[in-house]
Amino acid sequence: MASRVLSTKLFVPPQRPQSVPRIRLIDRLSDGRAAGRKLTLVAAPAGFGKTTVVSEWVADVKAREPDVRVAWISLDEGDNDPSRFLSYLLAALERPPALAANSPKSILTELINEIDQAPSSTILILDDFQWIEGAAVRDVVTYLLEHQSSALHVVIASRSDPLLPLARLRGKGELAELRAADLRFTPDESATFLNQMMGLGLSAVEIDALESRTEGWVAGLQLAALSMREHSDSTAFIEAFTGSNRFVIDYLGEEVLQGQPEPVRSFLLHTAFLERMCASLCDALTGRTDSGEMLDALERDNLFVVPLDDKRRWYRYHHLFADVLRARSLREDRDRADDLHRLASTWHEEHDLPGDAIAYALSAHDFLRAAHLIERSLPDMRRRRQDTTLIAWLKLLPDDTTRRLPVLRAFSAWSMFVAGNFDGADRRFSEVEASVTSDDGHDSMPGPELTKLPATIAAYRAAIAQARGDIDGTERHARRALALSLPDDHLSRGAGGGLLGLVLWAKGDLEAAVPTFREAMASLEVAGHLTDAISGTVVMMDMLTVQGRRLAAGDAYERAVSLAAAAGEGWTIDLQPGRSELSREENDLASATSILEAGPTPGAHAGVPENRHRWFIAMSRLKEAEGDLDAATVLLDQAEQLYLPGYFPDTRSIAAMRTRIWIKQNRLADAGAWAAENAISPDDDPAYMREFHHITLARLLIARFRSHHVAADIADATRLLDKLLAAAETGGRGGSMNEILVLQSLAFEAQGRLLEAIAPLRKALLLAEPEGYVRLFTDEGTPMATLLDEAGRRAILPEYVRRLRRSFPPSGDASGVEAAESLSPRELAVLEMLATELTGPQIARELFVSLNTLRTHTKHIFEKLAVSTRPAAVRRAREQGLI
């Protein structure tokens with residue numbers, strides 16, 4: 001039972017044959033777009049012709065600009081679910097539906113960029129916006145309005161002013177508005193409609209009277225015209241009604257209904273509750289076999305029937321007329337209403353429209369049927385992340401119904417956990433487990449979801465334990481989820497295995513964590529949860545980096561990108577920082593920077609909120625490599641503001657990263673204060689969750705010894721590093737071992753004990769060379785350069801050591817002069833562009849070369865100038881008069 005987009009919601013309503021040309025309003029709408037307004041708001045009560053005017057304007061625009069792209073969405077109450085809203089937005093803009101699994105801001109970022117780069121402009125119409133009450137969807141629209149380019153114009157039609165930043169848009173001159181006063185028929189338009197369109201032949205006095213009674217209200221005039229067809233005394237009829245719009249619509253609606261032949265009247269009352277209708281559906285509710293002909297006749301007679309597609313297959317009633325019909329139908333036979341809703345639910349279920357089937361079952365008060373339909377829809381909707389809709393449905397079910405439905409009850413417990421009610425979720429899961437084995441039985445339908453329920457609950461309990469920081473509880477429940485999972489229960493195996501992998505990572509057992517987590521991500525991929533599988537690569541890359549397996553981390557990145565592309569998900573936002581870090585470690589700082597700069601605006605658009613800070617950390621690392629420590633610190637401050645704790649272990653705190661920069665800046669007192677505040681001591685027993693902190697402390701102790709020559713500092717550093725190395729080796733953490741070995745060699749070098757420094761350095765080189773590490777050594781500056789020179793004299797991995805030695809900044813001002821003279825004309829052209837503020841991709845476009853070709857030129861320039869960063873290359877070029 002797959003959830004899908006209804007194409008009828010994306011159909012631009014056609015121009016009606018019996019409609020009055022609204023040239024003045026079409027001009028107003030065109031003026032707003034031409035003036036560069038971001039938004040046009042068409043706001044008026046029901047029946048003022050908002051949809052008709054906007055659709056006529058669209059037709060006018062298309063006639064003048066055939067290439068303009070028009071995206072129309074007819075909204076309803078269900079679109080308060082942000083996932084569903086975004087699915088329709090993507091469909092309207094003809095973008096891949098799989099993209100809807102991403103975060104809202106990442107989706108909008110890609111859409112905004114695509115619209116901006118498209119060859120023609122785009123118009124987005126959001127009709128019936130009054131249905132949008134959820135803050136999440138309003139935030140999506142607000143974000144779109146605030147960041148859209150001039151290539152996009154948004155039109156919102158609504159019965160009320162939407163809760164959007166209208167005042168701000170109005171103040172900045174970015175809002176055009178049409179209100180009820182603008183939409184009312186003028187006297188001339190009223191005359192045209194009544195006499196030319198409806199053929200009533202009224203006198204000028206009668207037209208004025210009717211226009212005055214209705215105040216130019218379009219729906220009122222239309223209903224009055226239909227009613228007057230049955231009255232010979234038009235003057236008496238006009239004088240017979242007055243009052244508010246609600247009174248007029250009720251009065252006139254009843255007049256229209258009473259004037260219809262019995263077959264038509266019966267058809268109208270039986271189909272009144274349908275939000276959308278086609279011939280087959282109407283046949284199911286009325287018992288007729290000619291509903292198609294009836295719908296055609298209703299449209300011809302202008303009886304408030306609106307076509308929803310150009311094939312005239314789907315229709316709806318005008319909202320106001322539907323209200324009248326429904327009220328009359330309920331007055332005549334309330335029980336019939338439930339029966340009709342039930343029939344509609346059955347028809348939609350049979351036609352693979354589960355969302356509508358559920359909605360009609362709920363309206364029929366057939367709660368058990370609705371519950372069973374929801375249970376069957378659960379896997380697909382969870383995969384599509386339409387939890388908001390699921391939760392809304394559950395709230396409409398009586399507690400007595402859900403209490404006997406363990407599958408739904410388990411999901412409601414999960415929703416309690418997501419809302420932060422851990423204890424309540426725990427209790428409800430216990431209720432569910434008891435109900436499954438109770439002698440009283442339960443009402444859940446037999447099937448995969450019920451069979452998988454024990455494993456599902458175990459995985460949910462593991463997530464709760466993880467959120468509480470209960471590592472042992474997380475492991476216990478995760479292992480239970482795996483033990484209970486059936487071979488084809490890929491979702492439970494993925495969830496349980498993923499949480500177990502995170503536990504093993506937190507414990508520092510990377511040799512077990514990596515294969516466990518990799519297998520879990522493969523299970524999620526098979527289960528169809530591609531977004532989770534792809535975003536899990538961020539975790540996998542972190543784990544592999546801790547293991548010292550840089551090449552495997554790169555492979556994981558490339559596979560995730562391929563998977564995203566194959567699934568139609570054009571995003572690698574969360575993965576970019578990790579890929580940039582891999583390039584940074586290779587000392588390819590230009591590529592590392594380009595990877596970050598090529599993505600969307602940083603921070604706010606990460607696919608997973610818990611990853612928003614990673615871009616700033618990656619950029620901070622680049623600034624640190626370039627020697628701009630102040631900029632690196634500012635970026636860490638920004639990262640800290642965005643950081644959100646999540647499921648992943650926080651093994652490298654931002655505060656500790658900042659402390660490492662302080663050490664480089666010789667702010668040793670600040671670094672010492674950090675150690676004291678976090679109770680970090682060389683006497684601590686090694687624990688992986690504090691390993692990064694302890695390595696940072698070792699750096700501080702070595703720096704203090706260099707500065708103050710206190711023997712106790714270097715002794716503490718040596719003792720601490722020995723403990724850390726043993727623990728890292730036991731846990732299979734090759735990346736940690738690399739850094740610890742480097743620090744051991746630096747500790748000996750600080751004491752002038754070069755011969756003893758070579759032994760740990762040799763081990764570090766042997767571990768690092770197959771994985772291509774460079775910055776691991778280069779970041780340590782002159783002391784490491786001295787050690788590498790010694791390693792070179794001892795012929796330790798000579799080619800690798802020479803390559804590492806070349807990565808260090810030159811020691812003399814004359815370095816690179818001879819090599820600089822060998823720069824090719826193309827390299828000189830690239831060098832001139834490097835001195836500008838253009839990004840790598842922008843330079844490539846300016847020079848008409850690929851980004852890879854530009855990177856090759858840049859690498860050659862760096863080698864010839866004996867530099868490792870773009871700023872350094874520009875400085876060297878200016879010193880030598882090259883630019």
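Start by selecting Thr856, which sits in helix H47 (residues 851-865). Helices (H or I, at least four residues) and strands (E, at least two) are DSSP runs, numbered from the N terminus. Thr856 has a relative accessibility of 40% and therefore counts as partly exposed; buried means under 20% relative accessible area, exposed over 50%, and partly exposed in between (1.4 Å probe, protein chains only). Add Tyr557 to the selection: Thr856 and Tyr557 are 299 residues apart along the chain, and their C-alpha atoms are separated by 22 Å.

The model is a predicted one, in which local features need pLDDT of at least 70 and side-chain atom pairs count only at pLDDT 80 or more, while totals for chains, interfaces and linings use all residues. Residues are numbered from 1 along each chain as its sequence is written, and side-chain values use heavy atoms, with hydrogens and water left out.

**The sheet**

Next, select strands E1 to E5. The five strands form an open sheet in the order E2-E3-E4-E1-E5, with parallel pairing. Two strands pair if DSSP finds at least two bridges between them. At the edges are strand E2 (69-74) and strand E5 (175-178), each of which pairs on one side only. From one strand to the next the twist averages 15°; axes are lines fitted to C-alpha atoms, for helices over the stretch in contact, and angles run from 0 to 180 degrees between N-to-C directions.

Zoom in on strand E4 (residues 152-158), where seven of the seven residues are buried. Leu152, Val154, Ile156 and Ser158 point one way from E4, His153, Val155 and Ala157 point the other way, and all are buried. On one side, strand E3 (residues 122-127) pairs with E4 in the parallel sense over five bridges; to see this pairing, pick Leu126, which stands opposite Ile156 of E4.

Strand E1 (residues 39-43) is joined to E4 by five bridges, and the two run parallel. Two pairs to display here are Leu39 with its bridge partner Val154 in E4, and Ala43 with its bridge partner Ser158 in E4. Five of the five residues of E1 are buried. Leu39, Leu41 and Ala43 lie on one side of E1 and Thr40 and Val42 on the other, so colouring by side chain direction will separate the two sets. E1 also pairs with E5 in the parallel sense, over four bridges. Select Val42 and its bridge partner Leu178 in E5, then Thr40, which stands opposite Ala176 in E5.

**Helices on the sheet**

Keep the sheet on display and add helix H1 (residues 23-34). H1 lies across E1, E3, E4 and E5, and runs at about 170° to E5. Then add helix H3 (residues 82-92), which packs on the sheet and touches E2 and E3. The direction of H3 makes about 150° with that of E2. Contact means heavy atoms within 4.5 Å.

**Ser190 and helix H10**

Move to Ser190, in helix H8 (residues 187-197). Is Ser190 buried or exposed? With a relative accessibility of 0%, Ser190 counts as buried. Show its contacts, leaving aside neighbours within four places in sequence: they are Phe185, Ile207, Glu211 and Leu221.

Leu221 leads on to helix H10, where it is one of the buried residues. Helix H10 (residues 218-228) has 11 of its 11 residues buried, so it is largely enclosed by the rest of the structure. Others to select in H10 include Val218, Gln222, Ser227 and Met228, which are buried too.

**Helix H20**

Select helix H20 (residues 387-396) and highlight its buried residues, Thr389, Leu390, Trp393 and Leu394. Viewed down the axis of H20, these residues fall within an arc of 135°, so they line one face of the helix. The arc is that of the directions from the helix axis to the C-beta atoms. To see what this face meets, add helix H18 (354-363), helix H19 (367-383) and helix H22 (406-418), against which the buried residues of H20 pack.

**Helices H33 and H35**

The last stop is a pair of helices. Two packed helices are described by the angle between their axes and the distance between the axes. Select helix H33 (residues 614-625) and helix H35 (residues 654-664): their axes come within 12 Å and cross at roughly 10°. H33 and H35 are therefore roughly parallel to each other; angles under 35 degrees count as roughly parallel, over 145 as roughly antiparallel, 65 to 115 as roughly perpendicular and the rest as oblique.

Which residues make the contact? From H33 they are Ile617, Ser620 and Glu624, and from H35 they are Ile654, Met657, Ile661 and Lys664. Coloured by class, the contact shows four nonpolar, one polar and two charged residues. Here Ala, Val, Leu, Ile, Met, Phe, Trp, Tyr, Cys and Pro count as nonpolar, Asp, Glu, Lys and Arg as charged, and the others, Gly among them, as polar.
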